[in-house]
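These are my notebook entries on a chain that I looked up for a reader new to it. I begin with the whole and then turn to single residues.

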Amino acid sequence: MLNGLYIVVAEVYSPGAEPRYRRRFYAGLAAAQRHVDRARMDGKDAYLLIGQVTIVGGDTRG
């Protein structure tokens, strides 16, 4: 189980003369997985990246 604040990145590579990639950020894993699945069904390379967010400053009210 993951503890903390995480973000999920769906990274999709488009084939062609000038290869490009796009990154989309999601707060939920299910939506990001659907995006990657659709891209793979379209014949594109697609990956999920999960990163942990670290809060480095802000309002300390709590």
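The entries below record what I looked up, by topic.

**Basis of the entries.** I worked from a predicted model, in which local features need pLDDT of at least 70, side-chain atom pairs count only at pLDDT 80 or more, and totals for chains, interfaces and linings use all residues. Residues are numbered from 1 along each chain as its sequence is written, and side-chain values use heavy atoms, with hydrogens and water left out.

**Fold.** I looked up the secondary structure and found one helix and three strands. Helices (H or I, at least four residues) and strands (E, at least two) are DSSP runs, numbered from the N terminus. Along the sequence I read the pattern β-β-α-β.

**Dimensions.** I noted a radius of gyration of 15 Å for the chain, where a compact globule of 62 residues would have one near 11 Å. That radius is taken over C-alpha atoms, and the globule rule is 2.2 Å times the number of residues to the power 0.38. The C-alpha trace spans about 50 × 25 × 15 Å along its principal axes.

**Surface and contacts.** I recorded an accessible surface of about 5200 Å², with 54% of it belonging to carbon and sulfur atoms; such areas come from the Shrake-Rupley method with a 1.4 Å probe, and for residues only the protein chains shown count as cover. Of the 62 residues, 19% are buried. Buried means under 20% relative accessible area, exposed over 50%, and partly exposed in between (1.4 Å probe, protein chains only). Of the contacts with a separation of 6 or more, 50% join residues 24 or more positions apart; a contact means heavy atoms within 4.5 Å.

**Salt bridge.** How many salt bridges does a search of the whole structure find? I found one, under the rule that a side-chain nitrogen of Lys or Arg lies within 4 Å of a carboxyl oxygen of Asp or Glu. Arg23 forms a salt bridge with Glu11, and their closest N and O atoms are 2.5 Å apart. The pair links distant parts of the chain, with Arg23 in strand β2 (residues 20-26) and Glu11 in strand β1, twelve residues apart. Glu11 is buried, because its relative accessibility is 7%. Arg23 is partly exposed, because its relative accessible area is 45%.

**Strand β1.** I next looked up Val12, which lies in strand β1. Is Val12 buried or exposed? Val12 counts as buried, because its relative accessibility is 8%. Leaving aside neighbours within four places in sequence, I listed the contacts of Val12, among them Tyr21, His35, Ala39 and Ala46. Val12 and His35 are 23 residues apart in sequence, and their C-alpha atoms are 9.0 Å apart in space. Ser14 is also placed in strand β1 (residues 5-14). Ser14 is buried, because its relative accessible area is 16%. Not counting residues up to four places away in sequence, Ser14 touches Pro19, Arg20 and Lys44.

**Loop between β1 and β2.** I found Pro15 in this loop, and Pro19 is found there as well. Pro15 counts as exposed, because its relative accessibility is 64%. Pro19 is exposed, because its relative accessible area is 67%. From C-alpha to C-alpha, I noted 15 Å between Pro15 and Val36, which are 21 residues apart in sequence. Pro19 and Gln33 are 14 residues apart in sequence and 22 Å apart in space, C-alpha to C-alpha.
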